[in-house]
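Biologist: I am in my first year and would like a close look at a single part of this model, taken slowly. Could you choose one region and explain each term as you come to it?

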Amino acid sequence: MEIRVLQYFLAVAQEENITKAAESLHMAQPSLSTQMKELELKLGKKLFIRGKRKITLTEEGMLLRQRAQEIIQLVEKTEKEISLGNDIINGEIAIGSGETIAMSFVLDIIKKLSDEQPNIKYHLFSGDAQDIGDRLDNGLLDFGLLIEPIDLDKYNRIQLPIHELWGLLVRKDDPLASKKYIEPKDMKTLKIIIPKRKGLQIEFTNWLSDNANIIGTYNLVHHAALMVEKGICYAFAINDIINTRESSDLAFIPLHPNHDIKIAIVWKKYQYLSKSSRLFLDYLNHLIQTSDKK
């Protein structure tokens, strides 16, 4: 598939109308219609449901839209990297992160790097581990900030000197809110929602044993916190992500035994790193060494 044809397809998907898409592309409507029909023939799948006034995407069309967006982003990123001068460090760094206060450590690096190298641009992406992993694998992210365990067959990593804890989010008017820590025996009969990530599901299932009723999973803890506020369930969460100060109805109770969290910056193995990305790693290693000496 040609990049040009993917751009045509995305225009049709956005406008939901062949005529409007052709106008936005400054091309003739019959020519665009022919291109889309040829694309469907080449793929052997119907991509559009053609209504009288509106075009919608089939399931295959929605998949192609997602992949086409990723491909074009990657092409644009590659063109920018290749076109950069050899003597000037600029370019772009794309970093993905889940919900963690460790992002503050990364922002310290960005602050120092941007002060000394103002031509570098940054793109920050928020998502769960699956989203970040997919974007790393597809070359759309240079780095990801992930909670361990990490697949070391796929990624290089540098562990950050950040200490976080898993705990239980509860309402402040719940009897559990008065406890200093939560043990598996405290969880009997409780309804609980846990992180969606497979590795963490295994960890929490093992920690709980048969002491709780897991009613579901989440990928963004803020949604889980809303469920706790409504009294629907309890939720495992990382400390300091959700507001549990005086103004909040929620409390964070650490788990016992302690459930320490290790966080790492990861990047895809054997991936080409631009000069700006290599410089980012240099600053990262320097900041870690400085932190270790304190």
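**The open sheet and its surroundings**

Modeller: E148 is buried, its relative accessible area being 15%, where buried means under 20%, exposed over 50% and partly exposed in between, found with a 1.4 Å probe and protein chains only. Please keep in mind that this is a predicted model, in which local features need pLDDT of at least 70 and side-chain atom pairs count only at pLDDT 80 or more, while totals for chains, interfaces and linings use all residues. Residues are numbered from 1 along each chain as its sequence is written, and side-chain values use heavy atoms, with hydrogens and water left out.

The side chain of E148 meets that of R157 in a salt bridge, with 2.7 Å from N to O; the term stands for a side-chain nitrogen of Lys or Arg within 4 Å of a carboxyl oxygen of Asp or Glu. The two partners can be set side by side, for E148 is buried, whereas R157 has a relative accessibility of 34% and counts as partly exposed. In the whole structure, a search finds eleven salt bridges. E148 also begins a cis peptide bond, the one that leads to P149, with omega near 10 degrees, and P149 itself is found in the loop between β5 and β6.

Those two strands bring us to the sheet. Five strands form an open sheet, and reading across, their order is β4-β3-β5-β13-β6, with mixed pairing. Strands (E, at least two residues) and helices (H or I, at least four) are DSSP runs, numbered from the N terminus, and two strands pair if DSSP finds at least two bridges between them. At the edges stand β4 (121–126) and β6 (155–159), each of which has a single partner strand, so one side of each is left without a neighbour in the sheet. Neighbouring strands here are turned against each other by 25 degrees on average, with direction ignored; for such angles, axes are lines fitted to C-alpha atoms (for helices, over the stretch in contact), and values run from 0 to 180 degrees between N-to-C directions.

What does mixed pairing look like strand by strand? β3 and β4 pair in the parallel sense, over six bridges, and within this pair I93 has Y122 of β4 as its bridge partner. By contrast, β5 (residues 143–147) and β13 (residues 263–268) pair in the antiparallel sense over four bridges, and there I147 is matched with I263 of β13. The edge strand β4 is also hardly covered, since the count of buried residues among its six residues is zero.

Two helices lie across this sheet. Helix α5 (residues 103–116) lies across β3 (92–97), β4, β5 and β13, and runs at about 170 degrees to β4. Helix α6 (residues 129–137) lies across β3, β4, β5, β6 and β13, running at about 150 degrees to β5.

How do the surroundings look from one residue in a strand? S97 lies in strand β3 and, at 6% relative accessibility, counts as buried. If its neighbours within four places in sequence are left aside, S97 is in contact with M103, F125, S126, G127, I132 and L145, contact meaning heavy atoms within 4.5 Å.

The loop between β4 and α6 holds another residue worth following, namely D128. D128 is buried yet has no salt bridge, and the nearest side chain of opposite charge, that of K196, is 4.9 Å away; in this count Lys and Arg are positive and Asp and Glu negative, while His and the chain ends are not counted. The side chain of D128 does reach the backbone nitrogen of D131, at 2.9 Å.

Finally, beyond strand β13 comes the loop that runs between β13 and α9 (275–293), and Y270 is found in it. Phi of Y270 is near 65 degrees, which is a positive value in a residue other than glycine, and at 80% relative accessibility Y270 counts as exposed. The walk through this region therefore runs from E148, which is buried, to Y270, which is exposed.

Terms used:
Polar contact = N/O pair within 3.5 Å; in protein donor to acceptor, adjacent residues only side chain to side chain.
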